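The following paragraphs lead the reader through a protein model with a ligand. Attention is given first to the ligand and its surroundings, and then to the pocket.

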Amino acid sequence: MKSFCRDTWVEVDLDAIRANLETFKRHLPEKTGIMAVVKADGYGHGAVHVGKEALAGGADSLAVALLDEALILRRAGITAPILVLGYTPVESIVTASELEVELTAYSVEWITEANDILQKNDHKPIGIHVKTDTGMGRLGVRTKEDLLAVVDALEECSKLKWTGIFTHFACADEPDTTHVRRQHDLFQSFLQALREANKTLPSVHCCNTAAAIAFPDWGYDTIRLGIGLYGLYPSLYMKERAEVILAPALALKTRIAHVKKADEPFTVSYGATYAAKPDEWIATLPIGYADGYSRLLSKRGEVLYNGSRYPIAGRVCMDQIMVSLNSTEAAVNDEVVLYGKQGDEEISLDEIADLLGTINYEVPCMLNYRIPRLYLRDQKVTDVFHPLTMK
Ligand SMILES: Cc1ncc(COP(=O)(O)O)cc1O
């Protein structure tokens, strides 16, 4: 029995995930590992399936934003190292210990309190990656003095092990490299300060996708590969550089739920903002803004049918959209592509991002629990996960 009852689905090509990983492995120095970033449910692609595929393809570890996201991966049987990149409230430290997940820290007070909590009931020790803020202005220590104080505090802890030091770049995807080079110089000065204090450095990492493409020799021990793993470029500039060729892994598809030909003019959707012309075919598709298909695509977005582009007619509804097929006759259950390729045409996530006035990262992250994910290998469905009906 099919595990979902509405003919709208995301397809994730696991061969593309694997190929993108291989592309970065070839691009990077041999000694540099890959930490697959699968936060935000794998940028909307499905953290468990993408995480398992990345690890099978040679990634050394996974990264998430939240401890709760690490919990889902552990529940799915993933035993590989997982780093939580964001802030974790110290009250959750026991959960991290039980899950054997590494956390990010940058505060002596947090470190001391975390260690006290773990010591109280002799919990398992956990690994800590120290975050340095070299110019992202988000999380991390900002001075050598604070960095040394944090590392000294860690070395006093019996339940916290210093296992990493990292920073995050704000502008690595831009043509002007002034900011990213300034960040990297500062990061290097932090590393030098630690060496001068006779500290043995643990795992060192600083590159996201953009920095891994532009500065592969900044790979250090590992890179944190996010958007590139999914076959998307961090910016148009990085796409045009084309130093690495990536394969988009995600497609969004649906089937026509209803179709009619206008014998006489009629209006379409809320607000009656679109008037169907005589002999125009209007198809209704079962997807809407409650699925994460933005209402901002009203009257702007297009879909692919029989390998051609057709415009959305009127306003995107909560659960449905209408498209104008012009004079093209269609039938219920015919397949329509909302994101992805059909024949020689493609509606890319970059195109959708432009229409929405955002970046490609956000587009797949918007696709939510109402849309099942179908995982493909050799263009055949090998697994289905439906967040709405499967726990
Ligand atoms: C700390 C951190 N590190 C790495 C990433 C991945 O970035 P890309 O998706 O641009 O590769 C995100 C992030 O928040």
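**The ligand and its pocket**

In this predicted model, the shell of residues around the ligand comprises five nonpolar, four polar and three charged residues. These residues may be located one by one along the chain: Val-37, Lys-39, Tyr-43, Leu-85, Arg-138, His-168, Asn-208, Thr-209, Arg-224, Gly-226, Ile-227 and Tyr-361.

Several members of this shell can be examined through their distances to oxygen atoms of the ligand. In the side chain of Lys-39, an N or O atom is found 3.0 Å from an oxygen atom of the ligand. Thr-209 likewise places a polar side-chain atom 2.6 Å from an oxygen atom of the ligand. With Ile-227, it is a backbone N or O atom that lies 2.8 Å from a ligand oxygen atom. The ligand, taken alone, exposes 380 Å², of which the protein buries 95%.

The view may now be widened to the pocket. The ligand is situated in the largest pocket, whose volume is about 840 Å³. This pocket is lined by 38 residues, and those closest to its centre are Asn-208, Ile-227, Pro-234, Ile-359 and Tyr-361. Two or more lining residues are contributed by each of the following elements: helix 2 (39–43), helix 9 (209–214), helix 10 (236–241) and helix 11 (349–356).

The lining can also be described by residue class: 22 of its residues are nonpolar, eight are polar and eight are charged. To return to the ligand, Asn-208, Ile-227 and Tyr-361 are among the residues around the ligand, and these three are also among the lining residues closest to the centre of the largest pocket.

Note on methods. Residues are numbered from 1 along each chain as its sequence is written. This is a predicted model: local features need pLDDT of at least 70, side-chain atom pairs count only at pLDDT 80 or more; totals for chains, interfaces and linings use all residues. Side-chain values use heavy atoms; hydrogens and water are left out. A residue is near a molecule or strand if one of its heavy atoms lies within 4 Å of it. A polar contact is a pair of N or O atoms within 3.5 Å; within protein, one must be able to donate a hydrogen and the other to accept it, and residues adjacent in sequence count only if both atoms are side-chain atoms. Accessible areas come from the Shrake-Rupley method with a 1.4 Å probe; for residues, only the protein chains shown count as cover. On a 1 Å grid over the protein atoms alone, a cavity is a set of points where a 1.4 Å probe fits but cannot get out, and a pocket is an open set with protein on both sides within 12 Å along at least five of seven lines; lining residues have an atom within 4 Å of a point. A molecule sits in a cavity or pocket if more than half of its atoms lie within 2 Å of its grid points. Ala, Val, Leu, Ile, Met, Phe, Trp, Tyr, Cys and Pro count as nonpolar, Asp, Glu, Lys and Arg as charged, and the others, Gly among them, as polar. Grid points are joined across faces, edges and corners, and a volume is the space filled by probe spheres set on the points. Helices (H or I, at least four residues) and strands (E, at least two) are DSSP runs, numbered from the N terminus.
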